[in-house]
Amino acid sequence: VPQAQAAETGAQIYARLCSSCHGDKGQGVSTEYAQPLAGDKPVSELAALIDKTMPAGEPEQLDAAQSHVVAAYIYDAFYSPIAQAR
């Protein structure tokens, strides 16, 4: 993993690789993935799903550690029931 990528925050990874399909706040993008990113899976399950499947067609762009960092960001920012209540 290049040093620059290793130091990326979850928000930076999300902005770079996820927001074009999932929206800047996980609200969805009508022409890509229209459903909001919201649910009740724990961070560990989100990280595993992201590691295996995201970004679509190119999951090798993220390693397991990066997948966990971005999953934690998604969970805290807008995915979890607590984040949804905000």
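# Exercises on helices α3 and α4

At the start of α4, a side-chain oxygen of D63 lies within 3.1 Å of the backbone nitrogen of A65. The exercises below concern a predicted model.

**Exercise 1.** Determine how the span of helix α4 compares with that of a straight helix of 16 residues.

*Solution.* Step 1: helix α4 comprises residues 64-79. Step 2: at 1.5 Å a residue, a straight helix of 16 residues would span 22 Å. Step 3: the end C-alpha atoms of α4 span only 19 Å.

**Exercise 2.** Identify the buried residues of α4 and state how they are arranged around the axis.

*Solution.* Step 1: Q66, S67, V70, A71, I74, F78 and Y79 are the buried residues of α4. Step 2: because their arc around the axis covers only 130 degrees, they are on the same side of α4. Step 3: the general background is that an α-helix has 3.6 residues a turn, so residues three or four places apart point the same way.

**Exercise 3.** Classify Q66 as buried or exposed, and give its C-alpha separation from D51.

*Solution.* Step 1: Q66 is located in helix α4. Step 2: the cut-off for buried is under 20% relative accessible area; Q66 counts as buried because its relative accessibility is 6%. Step 3: Q66 and D51 are 15 residues apart along the chain, and their C-alpha atoms are separated by 8.3 Å.

**Exercise 4.** Describe the packing of α3 against α4 by angle, axis distance and handedness.

*Solution.* Step 1: helix α3, residues 43-53, packs with α4 at an angle of about 125 degrees, and the two axes are 8 Å apart. Step 2: α3 is therefore oblique to α4. Step 3: the crossing of α3 and α4 is right-handed.

**Exercise 5.** Assign the buried residues of α3, and name exposed residues on the face turned away from them.

*Solution.* Step 1: V43, L46, A47 and I50 are the buried residues of α3. Step 2: viewed down the axis of α3, these buried residues fall within an arc of 100 degrees, so they line one face of the helix. Step 3: the face of α3 turned away from its buried side carries the exposed residues S44 and K52.

**Exercise 6.** Locate P55, classify it as buried or exposed, and give its C-alpha separation from P81.

*Solution.* Step 1: P55 is in the loop between α3 and α4. Step 2: P55 has a relative accessible area of 12% and is therefore buried. Step 3: P55 and P81 are 26 residues apart along the chain, with a C-alpha separation of 24 Å.

How values were computed: Residues are numbered from 1 along each chain as its sequence is written. This is a predicted model: local features need pLDDT of at least 70, side-chain atom pairs count only at pLDDT 80 or more; totals for chains, interfaces and linings use all residues. Side-chain values use heavy atoms; hydrogens and water are left out. Helices (H or I, at least four residues) and strands (E, at least two) are DSSP runs, numbered from the N terminus. The expected span of a helix is 1.5 Å times one less than its number of residues. Buried means under 20% relative accessible area, exposed over 50%, partly exposed in between (1.4 Å probe, protein chains only). The arc is that of the directions from the helix axis to the C-beta atoms. A polar contact is a pair of N or O atoms within 3.5 Å; within protein, one must be able to donate a hydrogen and the other to accept it, and residues adjacent in sequence count only if both atoms are side-chain atoms. Axes are lines fitted to C-alpha atoms, for helices over the stretch in contact, and angles run from 0 to 180 degrees between N-to-C directions. Angles under 35 degrees count as roughly parallel, over 145 as roughly antiparallel, 65 to 115 as roughly perpendicular and the rest as oblique. A crossing is left-handed if the near helix is turned anticlockwise from the far one by less than a right angle, and right-handed if clockwise.
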